Protein chains: 2
Amino acid sequence: MKPDFSKRVRKLRKLITESKLDALLLSSPRDILYYTGSKLTGDAAFLLVDLRSKPSLIISSLSNYTWNLKAAKVHFFSDFKDIVKEIDGYNSLGFDEKNMNTGIFMKLKKLGIKLKPFGSKIKIPRMVKDDWEISQIKKAIKLTENIFQEVRFVGRTESEASRWISKSVIDLGVENAFPPIIASGSNSAFIHYLPGKRKIKAKDLVIMDIGVRFNGYCSDMTRTFCQRPNKKQKKVYGDVLEIQKQIIDNARAGVRFDVLENFSKKLYEKLGYKKMHSTGHGVGLSVHERPVSKDTIQEGMVFTVEPGIYIKNWGGCRVEDIVHIKNNRAKLLSKLSRELTP
Amino acid sequence: MKPDFSKRVRKLRKLITESKLDALLLSSPRDILYYTGSKLTGDAAFLLVDLRSKPSLIISSLSNYTWNLKAAKVHFFSDFKDIVKEIDGYNSLGFDEKNMNTGIFMKLKKLGIKLKPFGSKIKIPRMVKDDWEISQIKKAIKLTENIFQEVRFVGRTESEASRWISKSVIDLGVENAFPPIIASGSNSAFIHYLPGKRKIKAKDLVIMDIGVRFNGYCSDMTRTFCQRPNKKQKKVYGDVLEIQKQIIDNARAGVRFDVLENFSKKLYEKLGYKKMHSTGHGVGLSVHERPVSKDTIQEGMVFTVEPGIYIKNWGGCRVEDIVHIKNNRAKLLSKLSRELTP
C-alpha cells in the first residue's frame, strides 16, 4: 500500500482542463509532497503541472536531490531567471495564492503570464484520504496518545510540560505538528496560547493541545485534565463532551461543514455558552486543511471535532479528536479516554 | 539595558515620511517582535504604523493578549472585515511583500488602497544591532557552542545526531532556529540537507550547521569535523579556514556586501574551487536577514561568514561564524575552536 502519485496528478489535470488553464504552479511543500512524494529542505520550491509533461519540480540549487524522480523531473534554480525559464511558454497559470508571497507574485505578473488564484482548488484532491493516508494519520494519533498517557503536569510549569512533550516527540522519532499548547488555570480561557511560567496545580483545568507529524501526516488532539476538579469544572467539561458527542453523531456524508458548524453553535447556546471558534477542520499533510465551511462532507474525509468552552478569568475546557467518514458515519480515529481526572 | 521600541518606530516613521506614504502594514512576526516586543502565537498578525498614532497590533481573536501594551494598541480580528476597519482611511500603504501571501494582498488591493512593496525598507532598521541585541545574539551563540562541545556523532546516524541536538536545544531552554543540518561522508557535498539514516564513521567529513533562538535572537554556526581525516580532507578543510580568515579580515564598514562576495569568489578560484553559495548573511531576529548583496557594511551590523567547499561524491567542508562590525573591524562573536578533529 503506497501513494499513487500519477492518480493524484490526474486529479489536478482534471481541474486544469475544467478551468481552461495551461498549467498549475504549486508552491506549498505539503502539496509537493502529496503530488510527488518529495520531502524538501526549507528552501523555496515549485511544482509545475501541465496536461502532458511529467511534473517539473523546480528547487533551489542549494538543496540536495534525494527525491522521487519517478514522479517529477527536477530543475534547479539559482535565481529567478531559472524559474522563469521553466514556466516560459504557458499563457495561463493557476497558482496557490495562500502559499506564494506577494513578492514572487509581482515578479511573475511582470512576465505577462495570466495568473489565476487557484489555491483552494489545488487542495481539493487532498480532502479525501486513501487507506494509506488513513494508516499514516492513525500512527500519528497513536504516538500522540502515548504522550498524553505519559505526560505529568501538576507541579511543573506550563513551559516545563511543553518541553517534556517536545522531547518525547523527538524520542518517538517524529516532529511537533505545531508547538504544544499547555494552558493551565485561568490561562485555559485562551484558545491559542504560548505556554508560560505558571506552575500547574492540582485544582487547575489544564488544556493540552498536541499534534505530531508522522511521515508527513499530522495528528491534532486536545485533552483537558484536572486532578481535583470542583463542581463547576466537572459541569463545564461534561458539557464540552456532550457537544462533541452530538457533533460526531451528526457528521455525515452529504452535510455541509458550515451546517455542522451552525448545528454546534445551537448546541453551545442551548447549554448557555457562546461558540468561540470553529468546531473542526480537515487534517492531513497540513494541520489545518480542507474540508472547511462550504465544503460538503464526503466519504473518506478526515477532520477534527473540537468543541471548547472558555470563561474569562476562570478557565476553559476543550476536547479534540480526529474522525474519518466511513460508511457515511464519523468514526473516531483515536482511542484515548476522555476522563477529566486521568 | 532594554530595547527602545519608540526609537525603533521613529526609524520606521522616517521611512514613511521619505517615501510619502500614509502608513506601513507589517506582517512578519519578527518585525512585530522588533517594533513592539510582542511575542505571538502562530496566528496571522499585522502591525499598522502611521506617523502619529500609537502602532496598532491587529491579531486573531483566538490569540491570548499578553503583549507589550506600552508599545501598541491591540485590535482583535475574527475575519477580514475587522482588518479592513483598522486600515480604512489610509490611501497609500507600504507593505511587506515577502511576508504577505498573495491571497491577502489581492483582498487588500480590491479595497482601492495604493499598496507599495516596502519589504526591503522595513528591514533597514533591523540591520544595525544595539548593545542589547548583541548580548542576546552572544547568548544564543554561547548555547550553540555548548552543543557543539557535547555532541557525539561517530557511530550515530545523522538523524540520531540531529535528534540529540534538538533535545539538547530544548534542555537549554531555547528553540532550534532551523532544523539542524548533519551531513556526513559524501552527503556533506550537499549544502542544504535533511539528515538521514547514514551512520557516521570516523573517516567521514561531518558538516554540522546548527542555530538556536534565544529570546527571539538567532545563532547560526557551522563546524566540520572528521575524527580520522586523510590528507585531502585536511587540505580542503584548511583551504576553507583560510578563505574564512581572509573574508573576516576584509569585512570592514564601508565595503558593500557584494564586493565582499566577489572578493571571496576570487579566493575560491585562486585555490582551485568554485564558489557555491553566498559567503554570509545578516542574522538577528531572522536567521537570514539584511545585510545582503547591495547593502554597505556598517558599524553595528552582524552577519555570518561561512565559506564552504563541496566536491560531488566526495564530500564537503563548511565553517560558519557570526561577526559583529565594531570599530570598523569584523569581530568574531563566537569563541569555539575550529579544529577538524575535536
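Two strands count as paired when DSSP finds at least two bridges between them. Helices (H or I, at least four residues) and strands (E, at least two) are themselves DSSP runs, numbered from the N terminus. With that in hand, here is a first case: strand 2 (residues 45-50) and strand 3 (residues 56-60) of chain B run antiparallel and are joined by 4 bridges. Within that pair, B:Phe46 sits opposite B:Ile58 of strand 3 of chain B.

Before going on, a word on what you're looking at. This is a predicted model, in which local features need pLDDT of at least 70 and side-chain atom pairs count only at pLDDT 80 or more, while totals for chains, interfaces and linings use all residues. Residues are numbered from 1 along each chain as its sequence is written, and chains are lettered from A and ligands numbered from 1 in the order in which they are written.

How confident is the predictor? Chain A has a mean pLDDT (the predictor's confidence in each residue, from 0 to 100) of 95, and 99% of its residues reach 70 or more. The model as a whole scores ipTM 0.91 and pTM 0.94.

**Two domains.** Chain A splits into domain 1 (5-125) and domain 2 (131-332), with bounds that come from an automatic or database domain assignment. Their C-alpha centres are 33 Å apart. Contact here means that the C-beta atoms of two residues, placed from the backbone, lie within 7 Å. By that rule, 4 residues of domain 1 of chain A touch 5 residues of domain 2 of chain A. The domain 1 side of this contact has 2 nonpolar, no polar and 2 charged residues. For these classes, Ala, Val, Leu, Ile, Met, Phe, Trp, Tyr, Cys and Pro count as nonpolar, Asp, Glu, Lys and Arg as charged, and the others, Gly among them, as polar.

**Two chains.** Chain B and chain A each put 29 residues into their contact. On the chain B side, helix 4 (102-110) and helix 8 (158-171) are the elements that give two or more residues. That side is made up of 11 nonpolar, 12 polar and 6 charged residues. Turn chain B by 180 degrees, with 0.0 Å of shift along the axis, and it superposes on chain A with an RMSD of 0.0 Å; the fit is by least squares on the C-alpha atoms of residues with pLDDT of at least 70 in both copies. The two copies are thus related as by a two-fold rotation axis. Both use the same surface, since 100% of the contact residues of chain B recur in chain A.

**Sheets.** In chain B, 6 strands make an open sheet in the order 4-3-2-1-5-6, with mixed pairing. Strand 4 (73-77) and strand 6 (114-117) of chain B are at the edges with a single partner strand each, so one side of each has no neighbour in the sheet. Another open sheet of chain B is antiparallel and has 3 strands, ordered 7-10-11.

Here are some antiparallel pairs, each with one pair of facing residues.

| Strands | Bridges | Facing residues |
|---|---|---|
| 13 (residues 302-305) and 16 (residues 321-326), chain A | 4 bridges | A:Phe303 and A:Val323 |
| 16 and 17 (residues 329-332), chain A | 4 bridges | A:Lys326 and A:Arg329 |
| 7 and 10 (residues 212-214), chain B | 2 bridges | B:Asn176 and B:Val212 |

Strands 16 and 17 of chain A form a hairpin with 2 residues between the strands, where A:Asn327 takes a positive phi near 50 degrees.
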